[in-house]
Amino acid sequence: MAKELACRKCKTLTTEKVCPNCGSTELSEEWSGLVIIINPEKSQVARTLGITKQGRYALKVG
Ligand SMILES: [Zn+2]
């Protein structure tokens, strides 16, 4: 399995070279804390992180 990278801008996790969410190429290998957001409207974590779409995100991006 390829190492996932976390977008520095929106924290989306991806194995691509470009963030599929915001199109940023600023991706980091140094991230921690996997968060899976299924229901952004009801998720306190999503609110805290400013996430509005469902998906998999890093809690911290280094
Ligand atoms: Zn992004």
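Donors here are N, O and S atoms within 2.8 Å of the metal. By that yardstick, the zinc ion in this predicted model has donor residues spaced C-x2-C-x8-C-x2-C in sequence. Cys10 sits in the loop between strand 1 (5-7) and strand 2 (13-14), and Cys22 in the loop between strand 2 and strand 3 (27-28), so this pair ties together parts that are 12 residues apart in sequence.

**The zinc site**
- Four sulfurs hold the zinc ion: the SG atoms of Cys7, Cys10, Cys19 and Cys22, at 2.2 to 2.3 Å.
- The site counts as tetrahedral, with angles of 104 to 117° among the four donor atoms.
- For reference, the ideal angle for four tetrahedral donors is 109.5 degrees.

**Buried or not: two of the ligands**
- Cys10 has a relative accessible area of 18%, and the cut-off for buried is under 20%, so Cys10 counts as buried.
- Cys22 comes out as partly exposed, with a relative accessible area of 39%.

**Ser24**
- You'll find Ser24 in the loop between strand 2 and strand 3, and Cys22 is in that loop too.
- Ser24 is buried, at a relative accessible area of just 6%.
- Setting aside neighbours within four places in sequence, Ser24 is in contact with Cys7, Lys9, Val18 and Cys19; Cys7 and Cys19 also coordinate the zinc ion.
- Lys9 is 15 residues away from Ser24 along the chain, and their C-alpha atoms are separated by 7.2 Å.

Conventions. Residues numbered from 1 in each chain as written. Predicted model: local features only at pLDDT ≥ 70, side-chain atom pairs only at ≥ 80, totals over all residues. Heavy atoms only, no water. Donors = N, O, S within 2.8 Å, 3.2 Å for Na, K, Ca; no water. Tetrahedral: all angles 85-135°; square planar, octahedral: opposite > 155°, others 65-115°. Helix = DSSP H or I, 4+ residues; strand = E, 2+ residues; numbered from the N terminus. Buried < 20%, exposed > 50% of the residue type's maximum accessible area, 1.4 Å probe, protein only. Contact = heavy atoms within 4.5 Å.
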